[in-house]
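Biologist: Could we go through this structure together, step by step? I should like to begin with the contacts to the nucleic acid and then turn to the protein itself.

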Protein chains: 2
Amino acid sequence: MSNRDDIIKKLKSSGISPTSQRIDIAQILFAKPQHLSAEQILNKVNEESNSKASKATIYNTLGLFAKKGLVKEVIVDPSKVFYDSNVSRHFHFFNTDTGILTDIPDGAINVDHLPESPEGTVSTGLEVIVRIKNS
Amino acid sequence: MSNRDDIIKKLKSSGISPTSQRIDIAQILFAKPQHLSAEQILNKVNEESNSKASKATIYNTLGLFAKKGLVKEVIVDPSKVFYDSNVSRHFHFFNTDTGILTDIPDGAINVDHLPESPEGTVSTGLEVIVRIKNS
DNA sequence: TCACTTTTCTAGACTTTGTCTAACGGTATA
DNA sequence: TATACCGTTAGACAAAGTCTAGAAAAGTGA
C-alpha cells in the first residue's frame, strides 16, 4: 500500500490531485499504521524524501486528508494534534508521561448503547481515550 | 456548595491553602456543573469578583485543582483545554461547529471490558467523546 | 509583636502550534 | 502565447500556555 502508484491511485480515488508534496506526505503517513504530529511529518518530508514542503503545505495537506477521510485527527495532547493513518474504528491509550499514543487492541474495550445526538446535530465520530502514566 | 465557607472547607480538605484568588476561582468553577476554558475563567474572575488574578495564577490554580482532583481537564478542542467541575465519571458531546462541550446523559452510553494498561503503566482516566456537528 | 522563611501572586517576556497572506510556480486549456 | 487556475512558499501573525524574577502575603517561632 505504500508504493508510489498505489498512493497516487488512493489520492485520486478520494478526489485529491496528486501533487508531489501530497504524494510525499501520503507515503510517509501510509507506510504503516502510526500516529504522527504535524511537526514530525514536516521533519520526515524534509529529511527522508528528496523534495521539500513548507509548513503551510503540511498543514493544508493534513487538513485536506482529514477532510477526505484518509487520516484521522486525534486530539489528546493539549499541545498538538496527532494524525492517525488507521481510520478504522479503534481506540487509544495516551501516556501522559511520554506523550506517546498507542492503539488499544481490538476487542479489549467495548462501547455500546451509543447516545442519540442532541436535536439539530449529527454524530461525526467517536473517540475513546484511556489515559495512562508510567507506574 | 458554592458559599464561601464551604469552598474554603473543600479546598482545605484537598490540602490546598485557601488564598483569595483560589477561592474566587473555585467559586466560579463550583457554582454549577460546567465546562469553562482558562480564558473564560480569567474573564469571570476579573469581572464578577472583586479581586483580580493574573493569567499565571489562573493557570497555576487550574493545574493545582486538576492535580488534586477538584476539576477535570477535558481535551477535545485543539486550541484550548476545558475544565469540568463535574469530576464524577461521565462523557461528552463536542460540537465542532460551535465549540460547545455538553454532557452525555448518564446511561446513554455504556463502556465496559476496559483494557489492561500496557506493562509498566497504570490507567489514570477514561474519556469518551462523541463529536457532533450541526445538521 | 518582630524577624525570618516559605508560599503565592504578578507583569510581562517568551515558546510553540497552528493560521493567514501575498507573491510565485506549474500545468492545462484555448 | 495568453490566461486562468490551483498549489506551494516564506514569513508574518495569532493565541494558548509557560517561565522568570521580583513583590506581596502568610505562616512560624520566640
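**Contacts and symmetry in a predicted model**

Modeller: Let us begin with V81(A): a polar backbone atom of this residue is 2.9 Å from a phosphate oxygen of DNA strand C. Please keep in mind that the model is predicted.

Biologist: Which residue of chain B has a polar side-chain atom 3.2 Å from a phosphate oxygen of DNA strand C?

Modeller: That residue is R22(B). In S54(B), by contrast, a backbone N or O atom lies 3.0 Å from a phosphate oxygen of the strand.

Biologist: And which elements give two or more residues to the surface near DNA strand C?

Modeller: From chain A they are α3 (38–48), α4 (55–68) and β3 (80–84), and from chain B they are α2 (20–29) and α4 (55–67).

Biologist: How many residues surround DNA strand C, and which are the closest?

Modeller: There are 18 residues around DNA strand C, and the closest are K55(A), Y59(A), S79(A), T19(B) and Q21(B). Of the atoms of DNA strand C that come within 4 Å of the protein, 74% belong to sugar and phosphate.

Biologist: How many nonpolar, polar and charged residues does that surface near DNA strand C have?

Modeller: The surface near DNA strand C has six residues of the nonpolar class, six of the polar class and six of the charged class.

Biologist: Let us move to the other strand. Which residues come nearest to DNA strand D?

Modeller: They are T19(A), Q21(A), T57(A), K55(B) and Y59(B), out of 18 residues around DNA strand D. Sugar or phosphate supplies 74% of the DNA strand D atoms within 4 Å of the protein, and bases supply the rest.

Biologist: What does the side chain of Q21(A) approach on DNA strand D?

Modeller: An N or O atom in the side chain of Q21(A) is 2.8 Å from a sugar or linking oxygen of DNA strand D. Two serines of chain A approach phosphate oxygens of this strand: S17(A) with a polar side-chain atom at 3.4 Å, and S54(A) with a backbone N or O atom at 2.9 Å.

Biologist: Which elements supply at least two residues each to the surface near DNA strand D?

Modeller: Chain A contributes α2 (20–29) and α4, while chain B contributes α3 (38–48), α4 and β3 (80–84). By class, this surface near DNA strand D has six nonpolar, six polar and six charged residues.

Biologist: How are the two protein chains related?

Modeller: A turn of 180 degrees, with a shift of 0.0 Å along the axis, lays chain A on chain B with an RMSD of 0.1 Å. The two chains therefore have the relation of a two-fold axis. The same surface serves both copies, as 100% of the contact residues of chain A recur in chain B.

Biologist: How many helices and strands are there in chain A?

Modeller: Chain A has four helices and seven strands. Along the sequence, the pattern is α-α-β-α-α-β-β-β-β-β-β. The C-alpha atoms of chain A fill a box of roughly 45 × 40 × 25 Å along the principal axes.

Biologist: A change of topic, then. Where is S117(A)?

Modeller: S117(A) is in the loop between β6 (110–112) and β7 (121–134) of chain A. A polar atom of its side chain lies 3.3 Å from the backbone nitrogen of S123(A). Leaving aside neighbours within four places in sequence, S117(A) is in contact with V122(A) and S123(A), and also with F93(B) and I132(B) of the other chain.

Biologist: Over which ring does the charged end of K10(A) sit?

Modeller: The charged end of K10(A) sits over the ring of F30(A), 4.0 Å from its centre. In chain B, the charged end of K10(B) sits over the ring of F30(B), 4.0 Å from its centre.

Biologist: Lastly, what happens at the start of helix α1 of chain B?

Modeller: There, a side-chain oxygen of N3(B) reaches to within 2.9 Å of the backbone nitrogen of D5(B). Just after α1(B), G15(B) takes a positive phi of about 80 degrees.

Notes. Residues numbered from 1 in each chain as written. Chains lettered and ligands numbered in written order. Predicted model: local features only at pLDDT ≥ 70, side-chain atom pairs only at ≥ 80, totals over all residues. Heavy atoms only, no water. Least-squares fit on C-alpha atoms with pLDDT ≥ 70 in both. Contact = heavy atoms within 4.5 Å. Lys NZ or Arg CZ within 6 Å of the ring centre and 35° of its normal. Near = heavy atom within 4 Å. Polar contact = N/O pair within 3.5 Å; in protein donor to acceptor, adjacent residues only side chain to side chain. Nonpolar A, V, L, I, M, F, W, Y, C, P; charged D, E, K, R; others polar.
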